Amino acid sequence: MAKLLYGERIGATASLSVGCAAVIFNEARDKILLTRRTDNGQWCLPGGRMDAGESAPECCAREVYEETGLHIEVGRLVGIYTTPHRIITYADGNRWQLVSLCFIGTVTGGTLGLSDETTEIGYFSPDELATLELMEHHRERIQDALAGQEAAFVR
């Protein structure tokens with residue numbers, strides 16, 4: 001089960017992991033696509049770890065497709081998230097300080113569906129998001145995307 005741990009410079013006790021996530025709005029732009037993770041049951045933005053040999057946009061598009069079945073065009077960078085005061089831990093003992101790039105994604109095709117990494121999927125309004133068991137660090141990314149700021153956030 002994935003769990004967040006906090007502490008002063010706790011990132012020094014972990015390895016670095018680079019990944020990408022996408023904020024994908026519905027056509028009316030009033031709801032955001034989320035997936036429910038199989039490993040901890042929490043809701044999150046679609047995304048994941050970058051593979052060697054791929055770019056950040058390639059990673060983002062691949063992860064969204066793997067988790068949702070949707071093809072996206074990767075657009076504006078919402079933000080870069082790198083705090084050394086938070087790590088994510090997994091049941092297998094892996095500990096990671098995340099370096100995450102969050103983009104706006106626009107659906108270009110595919111069929112929305114579940115994967116081996118997701119148990120549920122859906123579009124949610126900001127009010128509905130407040131009631132979900134959402135991965136805490138994804139709330140910040142969603143708030144940043146909803147802010148509509150042109151310049152990327154660096155956190």
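# Talking through the fold

Trainee: What radius of gyration does the protein have, and what would a compact globule of 155 residues have?
Mentor: This is a predicted model, so take the values as computed from it. A compact globule with 155 residues would come out near 15 Å. The protein agrees with that, as its own radius of gyration is 15 Å.

Trainee: How big a box do the C-alpha atoms fill?
Mentor: Lay the box along the principal axes. The C-alpha atoms then fill roughly 40 × 35 × 35 Å.

Trainee: In what order do the helices and strands come along the chain?
Mentor: There are 3 helices and 10 strands to place. Starting from the N terminus, the run is β-β-β-β-β-α-β-β-β-β-α-α-β.

Trainee: What share of the contacts joins residues 24 or more positions apart?
Mentor: Take the contacts with a separation of 6 or more as the whole set. Within that set, residues 24 or more positions apart account for 74%.

Trainee: What part of the accessible surface belongs to carbon and sulfur atoms?
Mentor: Some context for that: 44% of the 155 residues count as buried. The accessible surface comes to about 7800 Å². Of that surface, the carbon and sulfur share is 51%.

Trainee: How far apart do the centres of the positive and negative side chains lie?
Mentor: Count the two sets and you get 14 positive and 22 negative side chains. Their centres lie apart by 6 Å.

Trainee: Which residues touch the most other members of the largest nonpolar core?
Mentor: In soluble globular proteins, nonpolar side chains tend to be buried together. Here the largest nonpolar core holds 18 residues. The ones touching the most other members are Val-23, Ile-32, Leu-34, Leu-45, Leu-129 and Ile-142.

Trainee: Which elements each supply at least two residues of this core?
Mentor: Four strands and a helix come up here, each with at least two core residues. They are strand S2 (15-24), strand S3 (32-37), strand S6 (70-81), strand S8 (95-110) and helix H3 (136-147).

Trainee: Which residues does Leu-45 touch, leaving out those up to four places away in sequence?
Mentor: Leu-45 is one of the core residues that touch the most other members. With its sequence neighbours up to four places away left out, its partners are Ala-21, Ala-22, Val-23, Ile-32, Leu-33, Leu-34, Glu-67, Cys-102, His-138, Arg-141 and Ile-142.

Trainee: Is Val-18 buried, partly exposed or exposed?
Mentor: Val-18 sits in strand S2, and beyond four places in sequence it touches Arg-49, Met-50 and Val-99. Buried means under 20% relative accessible area and exposed means over 50%. Val-18 has 35%, so the label is partly exposed.

Trainee: And Arg-29, is that buried or exposed?
Mentor: Arg-29 is found in the loop between S2 and S3, and its phi is near 60°, a positive value in a residue other than glycine. Its relative accessibility is 53%, so Arg-29 counts as exposed.

Trainee: Where does Arg-9 lie?
Mentor: Arg-9 also has a positive phi, near 55°, in a residue other than glycine. Its place is the loop between strand S1 (3-6) and S2.

Trainee: What distance separates the C-alpha atoms of Glu-136 and Cys-44?
Mentor: Glu-136 lies in helix H3 and touches Leu-4 and Tyr-6, setting aside residues up to four places away in sequence. Cys-44 is 92 residues from Glu-136 along the chain. Their C-alpha atoms are separated by 8.8 Å.

Methods. Residues are numbered from 1 along each chain as its sequence is written. This is a predicted model: local features need pLDDT of at least 70, side-chain atom pairs count only at pLDDT 80 or more; totals for chains, interfaces and linings use all residues. Side-chain values use heavy atoms; hydrogens and water are left out. The radius of gyration is taken over C-alpha atoms; the globule rule is 2.2 Å times the number of residues to the power 0.38. Buried means under 20% relative accessible area, exposed over 50%, partly exposed in between (1.4 Å probe, protein chains only). Contact means heavy atoms within 4.5 Å. Accessible areas come from the Shrake-Rupley method with a 1.4 Å probe; for residues, only the protein chains shown count as cover. Lys and Arg count as positive and Asp and Glu as negative; His and the chain ends are not counted. The place of a charge is taken as NZ of Lys, CZ of Arg, CG of Asp or CD of Glu. A nonpolar core is a set of buried Ala, Val, Leu, Ile, Met, Phe, Trp, Tyr and Cys residues joined through side-chain atoms within 4.5 Å.
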